[in-house]
Amino acid sequence: MNSYKRIIPCIFIRQGKAVKWFDHYEILAEDVVQLAEQYSEAGADELVFLDITATHEARSTVVDLA
């Protein structure tokens, strides 16, 4: 059995910016693509983009990032 562990970061996107949140939002990166490139260069196997305000704002997700 392969014991390789995959690294799959999830980038939460709010209003076009990468964020983290607990009791408030904190911007991690203004440029989501640049952040994704950093994860890729660091060895990420895949990336997940989660547009956390798309449903609330009644719009489709930001497909351009893919």
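Which two strands form a hairpin, and how many residues lie between them? Strand 1 and strand 2 do, with two residues between them. That turn is a handy place to start reading this model, which is a predicted one.

## The chain at a glance

The protein chain has one helix and four strands. Reading from the N terminus, the elements come in the order β-β-β-α-β, so to speak a run of strands interrupted by the helix. The C-alpha trace spans about 45 × 25 × 20 Å along its principal axes. Of the 66 residues in the protein chain, 20% are buried. Among contacts with a separation of 6 or more, 51% are between residues 24 or more positions apart.

## The sheet

The four strands form an open sheet in the order 3-2-1-4, and their pairing is mixed. Strand 3 (25-29) and strand 4 (48-51) stand at the edges; each has a single partner strand, so one side of each is left without a neighbour in the sheet. From one strand to the next, the twist averages 50°.

Both kinds of pairing can be followed from strand 1. Strand 1 (residues 10-14) runs antiparallel to strand 2 (residues 17-21), and three bridges join them. R14 has K17 as its bridge partner in strand 2. With strand 4, strand 1 runs parallel, and four bridges join the two. Here I13 has D51 as its bridge partner in strand 4.

## The two faces of strand 1

In a regular strand the side chains alternate between the two faces of the sheet. Strand 1 shows this alternation: I11 and I13 point to one face and are buried, while C10, F12 and R14 point to the other and are not buried.

R14 also has a partner in Y25. The charged end of R14 sits over the ring of Y25, 3.9 Å from the centre of that ring. Rings pairing with rings are another matter, as a search of the whole structure finds zero aromatic pairs.

## The helix on the sheet

Helix 1 (residues 32-41) packs on the sheet, where it touches strand 1, strand 2, strand 3 and strand 4. The direction of helix 1 makes about 175° with that of strand 1.

Which residues of helix 1 are buried? They are V32, L35 and A36. Seen down the axis of helix 1, these buried residues fall within an arc of 100°, so they line one face of the helix. They pack against strand 1, strand 2, strand 3 and strand 4.

Y39 is also found in helix 1, but Y39 counts as partly exposed because its relative accessibility is 32%, and the partly exposed range lies between 20% and 50%. Leaving aside neighbours within four places in sequence, Y39 is in contact with P9, I11, A44 and L47. I11, as seen above, is one of the buried residues of strand 1. The C-alpha atoms of Y39 and I7 are separated by 9.5 Å, with the two residues 32 apart along the chain.

## The turn and the segment after strand 4

Back at the hairpin, Q15 lies in the loop between strand 1 and strand 2. Q15 has a positive phi of about 55°, although it is not a glycine. Is Q15 buried or exposed? Q15 is exposed, with a relative accessible area of 53%.

Two residues are worth a look in the segment after strand 4. T53 has its place there, and T53 counts as buried because its relative accessibility is 8%, where the cut-off for buried is under 20%. Apart from neighbours within four places in sequence, T53 is in contact with I13, R14, Q15 and R59. Among these contacts is Q15, the residue in the hairpin turn with the positive phi.

A58 is found in the segment after strand 4 too. A58 has a positive phi of about 50° although it is not a glycine. At 73% relative accessibility, A58 counts as exposed.

Methods. Residues are numbered from 1 along each chain as its sequence is written. This is a predicted model: local features need pLDDT of at least 70, side-chain atom pairs count only at pLDDT 80 or more; totals for chains, interfaces and linings use all residues. Side-chain values use heavy atoms; hydrogens and water are left out. Two strands pair if DSSP finds at least two bridges between them. Axes are lines fitted to C-alpha atoms, for helices over the stretch in contact, and angles run from 0 to 180 degrees between N-to-C directions. Contact means heavy atoms within 4.5 Å. Rings of Phe, Tyr and Trp (its six-membered ring) pair if their centres lie within 6.5 Å; planes under 30 degrees apart count as stacked, over 60 as edge-to-face and the rest as tilted. A charge sits over a ring if NZ of Lys or CZ of Arg is within 6 Å of the ring centre and within 35 degrees of the ring normal. Buried means under 20% relative accessible area, exposed over 50%, partly exposed in between (1.4 Å probe, protein chains only). The arc is that of the directions from the helix axis to the C-beta atoms.
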